[in-house]
Amino acid sequence: MLKAKLTKKLWHFNLDIEFELDAGILVLWGHSGAGKTTLLQCLAGLCKPSAGSILLNGRTLYSSVSRVNLPTRLRKVGYLFQDYALFPHLTVKQNVMYGLKNSRNHRQTKGPVDPLGLLNSFGVGHLLDRYPGQLSGGEQQRVALVRALAVQPELLLLDEPFSALDKKAKLKLRQELKALHTLWQIPFILVTHDEEDAGFMGDRILTLNQGVAVTGAMTPWSQHSTRPPATAIG
Ligand SMILES: Nc1ncnc2c1ncn2[C@@H]1O[C@H](COP(=O)(O)OP(=O)(O)OP(=O)(O)O)[C@@H](O)[C@H]1O
């Protein structure tokens with residue numbers, strides 16, 4: 001369970017949001033500049049909110065009152081970026097192991113996650129010694145996903161993960177992420193501008209408009225009378 005209540009003040013922009021999320025897939029929707037990436041970055045510890053609190057399964061990741069601000073590597077939050085964000089000078093294996101080395105989780109537990117097994121199950125186990133520049137976009141995104149999963153995240157953030165992929169690679173990754181969600185049962189937050197991706201992936205939707213959640217409560221996707229309005233697409 002994720003509980004977030006936070007504000008983030010930037011130059012001409014204020015994010016002000018409160019929401020709870022169980023183990024479903026939440027689609028984060030809104031115009032370009034609405035604050036979607038800012039919200040994900042606050043959850044992941046890549047930027048610090050101005051005030052508020054973030055709790056993940058009862059652990060405080062951030063609290064302005066008790067002055068807690070866990071670094072990213074201790075948060076157990078996986079982040080999949082639009083542009084993969086792999087280290088170009090490291091091999092596939094080194095990219096995945098880099099995330100693990102930085103994770104406290106790796107030192108503390110011997111969990112069921114085997115990164116090499118994960119690479120195999122996502123069809124990229126044979127690419128261990130290749131560099132990101134020697135991989136297709138779909139392969140790079142799979143490696144980035146394995147890197148995010150290797151630390152056994154309790155929350156997975158997906159920031160437009162399909163937008164750099166061709167249609168075939170996107171459909172395959174979409175299916176795999178759905179299957180992964182069923183298996184792992186952790187909350188996912190998906191940022192997308194694509195109605196079809198949102199409809200396929202999402203259980204619930206949260207629409208941001210200029211930093212504020214305009215829908216109020218989150219609504220199961222199936223209960224939406226209409227698809228998100230075209231004007232909401234950035
Ligand atoms: N470092 C920063 N300093 C000041 N303003 C920023 C900074 N980063 C983002 N912003 C502003 O915050 C607002 C929200 O940006 P954000 O990237 O979160 O939007 P978004 O909804 O993810 O947009 P997109 O769909 O285009 O990726 C924008 O107005 C942006 O210009």
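## Exercises on a two-domain predicted model

The protein has seven helices and twelve strands, where helices (H or I, at least four residues) and strands (E, at least two) are DSSP runs numbered from the N terminus. The model is predicted, and for that reason local features need pLDDT of at least 70 and side-chain atom pairs count only at pLDDT 80 or more, while totals for chains, interfaces and linings use all residues. Residues are numbered from 1 along each chain as its sequence is written.

### Exercise 1: the domains and their contact

Find the bounds of the two domains and describe the side of domain 1 that touches domain 2.

Solution. Begin with the domain assignment, which gives domain 1 as 1–76 + 154–223 and domain 2 as 85–153; such bounds come from an automatic or database domain assignment. The C-alpha centres of domain 1 and domain 2 lie 22 Å apart. Next, apply the contact criterion, under which two residues are in contact if their C-beta atoms, placed from the backbone, lie within 7 Å; by this criterion, 14 residues of domain 1 are in contact with twelve residues of domain 2. On the domain 1 side, the elements that contribute two or more residues are strand S8 (155–159) and helix H6 (167–184), and the largest share, four residues, comes from H6. Finally, sort this side by residue class, counting Ala, Val, Leu, Ile, Met, Phe, Trp, Tyr, Cys and Pro as nonpolar, Asp, Glu, Lys and Arg as charged, and the others, Gly among them, as polar: the side of domain 1 that touches domain 2 then has nine nonpolar, no polar and five charged residues.

### Exercise 2: the ligand shell

Determine how many residues surround the ligand, and which element gives the most to this shell.

Solution. A residue is taken as near a molecule or strand if its C-beta atom, placed from the backbone, lies within 6 Å of it. Twelve residues surround the ligand, and the closest are Leu10, Ser32, Lys36, Thr37 and Thr38. Helix H1 (residues 36–44) gives the most to the shell, with three residues. By class, the shell around the ligand divides into four nonpolar, seven polar and one charged. Turning to H1 itself, its buried residues are Lys36, Thr38, Leu39, Leu40, Cys42 and Leu43, where buried is assigned if 20 or more other C-beta atoms lie within 10 Å of a residue's own, exposed if 12 or fewer, and partly exposed in between, with C-beta atoms placed from the backbone. Just after H1, Gly45 takes a positive phi of about 85°.

### Exercise 3: helix H5 and the nonpolar core

Establish the span of helix H5, and which elements its buried residues pack against.

Solution. Helix H5 (residues 137–149) has 13 residues and reaches 18 Å from its first C-alpha to its last, close to the 18 Å expected at 1.5 Å a residue; the expected span is 1.5 Å times one less than the number of residues. H5 is mostly covered, with ten of its 13 residues buried, including Gln140, Arg142 and Leu149. These buried residues pack against strand S7 (77–80), helix H2 (92–101), helix H4 (115–121), S8 and H6.

The next step is the largest nonpolar core, a nonpolar core being a set of buried Ala, Val, Leu, Ile, Met, Phe, Trp, Tyr and Cys residues joined through C-beta atoms within 7 Å. Of its 57 residues, Leu28, Leu43, Leu157 and Leu190 touch the most other members. The largest share of this core, six residues, comes from H5, and the core draws at least three residues from each of domain 1 and domain 2. Leu190, leaving aside residues up to four places away in sequence, touches Ile25, Val27, Leu28, Leu158, Met201 and Gly202.

### Exercise 4: backbone and exposure in two loops

Decide whether Asn57 and Glu160 are exposed or partly exposed, and locate each in its loop.

Solution. Asn57 is found in the loop between strand S4 (51–56) and strand S5 (59–63), and has a positive phi of about 50° although it is not a glycine. Asn57 counts as exposed because it has 12 C-beta neighbours inside 10 Å. Glu160, in the loop between S8 and H6, has a positive phi of about 45° although it is not a glycine. Glu160 is partly exposed because 18 other C-beta atoms lie within 10 Å.
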